[in-house]
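Q: Could you take me through the assignments made for this model, setting each value against the criterion behind it?

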Amino acid sequence: MTAAEHLDRGPLDRAELAALVARDLPDGAYVNLGIGLPTTVAKFLDPGAGIVLHTENGMLGMGPEADGDAVDLDLTNAGKIPVTELPGAAYFHHADSFAMMRGGHLDVCILGAFQVAADGGLANWHTGAPDAIPAVGGAMDLAIGAKSVYVMMDLFARDGSPKLVPTCTYPLTGRSCVSRVYTRHAVFHIDPPEVRLVETFGIGADDLARRLDVPLAREGEHCA
């Protein structure tokens, strides 16, 4: 099976990307959504899938983002965004939440990234620039503690350079931890030493390969 190429449309928008990630989460999984774009995945989860959302600030059973009369400023996710609670939701100490993360009790975490390397390396807390503000938060705990790490990010920086790279040039959050990368242009599975191209949106697989410095295997193929 070769990578699916969707050439009759442009790149995914943010909502479509979040819906795609939500579709790929295994039924019954315990999942942590990182700050930023990953939090939007909560809106697209199938209620019948039994997925349980965990927040590093101490909640299990988080629902989608709250709005209107549902907003409770004492009920927020790790990004301080008001959220809802689902039946059976539980609350616990911040330290207990990190123990869940570090202890391997989460099936999937979904994080943003500045860079992802072909070997699954993750850089998402600092660009290394002198004026940049470091923000590691719980990312390193999630990166090493979750059974699978999915990344949602832009595939290309503003200058057009790829963010899926042979080796991370930014400070590492975790080594060999990322298993999937979701971008507006394409979806990749990382299975070192291979990066497998699964699906493209608004760009052909050959054109995409020419823009990246990482050799790509198509689904069902192997890198030379």
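A: Let us begin with a turn, bearing in mind that the model is predicted. In the hairpin formed by E3 and E4, where 3 residues lie between the strands, Gly 58 takes a positive phi near 110°.

Q: What makes E3 and E4 count as paired strands, and in which sense do they run?
A: Two strands are called paired if DSSP finds at least two bridges between them. E3 and strand E4 (residues 59-65) are joined by 2 bridges and run antiparallel, so the criterion of at least two is met. One of the residues concerned is His 54, whose bridge partner in E4 is Leu 60.

Q: How do you know that strand E2 pairs with strand E3, and in which sense?
A: Strand E2 (residues 30-33) and strand E3 (residues 52-55) share 3 bridges in the parallel sense, and the requirement is at least two, so they count as paired. Within this pairing, Tyr 30 stands opposite Val 52 in E3.

Q: Why are E8 and E10 called edge strands?
A: The open sheet to which they belong has 3 strands in the order E8-E7-E10, with mixed pairing. Strand E8 (122-123) and strand E10 (164-165) each pair on one side only, and they are the edge strands. Strand E7 (residues 115-117) pairs with E10 in the parallel sense over 2 bridges, and there Val 116 stands opposite Leu 164 in E10.

Q: Why is there no disulfide between Cys 109 and Cys 177?
A: A disulfide calls for a pair of cysteine sulfur atoms within 2.5 Å. The sulfur of Cys 109 is 7.7 Å from the closest cysteine sulfur, which belongs to Cys 177, and that is too far for a bond. Cys 177 is likewise in no disulfide, the nearest cysteine sulfur being that of Cys 109, and the structure as a whole holds 0 disulfides.

Q: Are Cys 109 and Cys 177 buried or exposed, and how do you know?
A: The term buried applies under 20% relative accessible area. Cys 109 has a value of 0% and is therefore buried, while Cys 177, at 14% relative accessibility, also counts as buried.

Q: What makes up the lining of the largest pocket, and which residues lie nearest its centre?
A: The largest pocket, with a volume of about 600 Å³, is lined by 27 residues, of which Gly 34, Ile 35, Gly 36, Gly 112 and Asn 124 lie nearest its centre. By class, the lining has 14 nonpolar, 8 polar and 5 charged residues. Helix H1 (14-24) and helix H3 (139-145) each supply at least two residues of this lining.

Key
Residues are numbered from 1 along each chain as its sequence is written. This is a predicted model: local features need pLDDT of at least 70, side-chain atom pairs count only at pLDDT 80 or more; totals for chains, interfaces and linings use all residues. Side-chain values use heavy atoms; hydrogens and water are left out. Buried means under 20% relative accessible area, exposed over 50%, partly exposed in between (1.4 Å probe, protein chains only). Helices (H or I, at least four residues) and strands (E, at least two) are DSSP runs, numbered from the N terminus. On a 1 Å grid over the protein atoms alone, a cavity is a set of points where a 1.4 Å probe fits but cannot get out, and a pocket is an open set with protein on both sides within 12 Å along at least five of seven lines; lining residues have an atom within 4 Å of a point. Grid points are joined across faces, edges and corners, and a volume is the space filled by probe spheres set on the points. Ala, Val, Leu, Ile, Met, Phe, Trp, Tyr, Cys and Pro count as nonpolar, Asp, Glu, Lys and Arg as charged, and the others, Gly among them, as polar.
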